[in-house]
Amino acid sequence: MLLLTQAAIAQQISEKVKVNQVGYLTGEAKWAYVSSETPLNISSWEIRSAEGYCTAHKGNGCRETGFDEATGEYVYRLDFSGLNSPGYYRLHVDNIGESYEFTISGSAYNEIFRKIMKGFY
């Protein structure tokens, strides 16, 4: 049953829904981006627990950041800075899909910092 659930989540992941996969710090700004070749009307979206069972944050609308000439896509910014509960999450955008898993934590950058510092030795 667990494999079926993971397979179902993997099918919903969309490369058009972009989050910081390293993570976000509690108490800091948290933005995600959605891209599309055509203009979108993103009316609602939500942050769900990584398992997909609970909704942690709901959002309405987004801010269009404009057309990116380099990628040929329209880009939209979603702000979920109000979510500060530590945990593992996914962003779900109706009719587009879900993001990869990300974390919110007071120590979200500690592991990557340690790995980068090891590169200097």
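Okay, let's start with Lys-16 and Glu-73, which form a salt bridge with their closest N and O atoms 3.1 Å apart. That contact links distant parts of the chain: Lys-16 is in the loop between α1 and β1, Glu-73 is in strand β7, residues 73-79, and 57 residues separate them. Keep in mind that this is a predicted model.

How exposed are the two partners? Glu-73 is buried, because its relative accessible area is 14%, under the 20% limit for that word. Lys-16 comes out at 25% relative accessibility, so we call Lys-16 partly exposed.

Now, Lys-16 has another partner. Glu-37 also makes a salt bridge with Lys-16, and here the closest N and O atoms are 2.8 Å apart. Once more, distant parts of the chain are linked: Glu-37 is in the loop between β3 (31-36) and β4 (44-49), while Lys-16 is in the loop between α1 (2-12) and β1 (17-18), 21 residues away in the chain. Glu-37 has a relative accessible area of 49%, so Glu-37 counts as partly exposed. Put those contacts together and you get a network of salt bridges joining Lys-16, Glu-37 and Glu-73.

A quick bit of background for anyone who wants it: side chains of opposite charge can pair when their charged atoms come close.

So how many salt bridges does the structure hold? There are five. One of them that I'd like you to look at is Glu-98 with Arg-48, where the closest N and O atoms are 3.2 Å apart. Glu-98 is in strand β9, residues 97-98, and Arg-48 is in strand β4, so this pair links distant parts of the chain, 50 residues apart. Glu-98 has just 4% relative accessibility, so Glu-98 counts as buried. Arg-48, at 21%, is partly exposed, because buried means under 20%.

Staying with charge for a moment, have a look at Arg-77. Its charged end sits over the ring of Trp-31, 4.0 Å from the ring centre.

That brings us to the rings. The structure holds five aromatic pairs. One of them is Phe-80 with Phe-102: the pair is tilted, at 5.6 Å centre to centre and with 50° between the planes. Phe-80 is in the loop between β7 and β8 (87-93), Phe-102 is in strand β10, and the pair links these distant parts of the chain across 22 residues. Buried or exposed, these two? Phe-80 and Phe-102 are both buried.

Phe-102 turns up again with Tyr-89. Their ring centres are 6.1 Å apart and their planes meet at 35°, so that pair is tilted too. Tyr-89 is in strand β8 and Phe-102 in strand β10, so the pair ties together parts 13 residues apart in sequence. Like Phe-102, Tyr-89 is buried. And if you follow the ring pairs along, they link Tyr-24, Phe-80, Tyr-89 and Phe-102 into a cluster.

Next, the empty space. Rolling a probe the size of a water molecule over the atoms shows where empty space is left. The largest pocket here holds about 180 Å³ of space. Which residues line it? The lining of the largest pocket is made of Val-22, Tyr-88, Thr-103, Ser-105, Ser-107, Ala-108, Glu-111, Ile-112 and Lys-115. By type, that lining splits into four nonpolar, three polar and two charged residues. Both β10 (102-105) and α2 (110-118) supply at least two residues each to the lining of the largest pocket, and α2 gives the most, with three.

Two last stops. First, Lys-58, which you'll find in strand β5, residues 55-60. Lys-58 has 63% relative accessibility, so Lys-58 counts as exposed. What I'd point out is the distance to His-92: Lys-58 and His-92 are 34 residues apart in sequence and 9.6 Å apart in space, C-alpha to C-alpha.

And then there's Asn-95, in the loop between β8 and β9. Phi of Asn-95 is near 65°, a positive value in a residue other than glycine. Where does Asn-95 stand on exposure? At 84% relative accessibility, Asn-95 counts as exposed.

If you take one thing back to your desk, take the opening picture: Lys-16, Glu-37 and Glu-73, linked in a network of salt bridges.

Conventions
Residues numbered from 1 in each chain as written. Predicted model: local features only at pLDDT ≥ 70, side-chain atom pairs only at ≥ 80, totals over all residues. Heavy atoms only, no water. Salt bridge = Lys/Arg side-chain N within 4 Å of Asp/Glu carboxyl O. Helix = DSSP H or I, 4+ residues; strand = E, 2+ residues; numbered from the N terminus. Buried < 20%, exposed > 50% of the residue type's maximum accessible area, 1.4 Å probe, protein only. 1 Å grid on protein atoms, 1.4 Å probe; cavity = no way out; pocket = protein on both sides within 12 Å on 5 of 7 lines; lining within 4 Å. Points joined across faces, edges and corners; volume = space filled by probe spheres on them. Nonpolar A, V, L, I, M, F, W, Y, C, P; charged D, E, K, R; others polar. Phe/Tyr/Trp six-rings, centres within 6.5 Å; stacked < 30°, edge-to-face > 60°. Lys NZ or Arg CZ within 6 Å of the ring centre and 35° of its normal.
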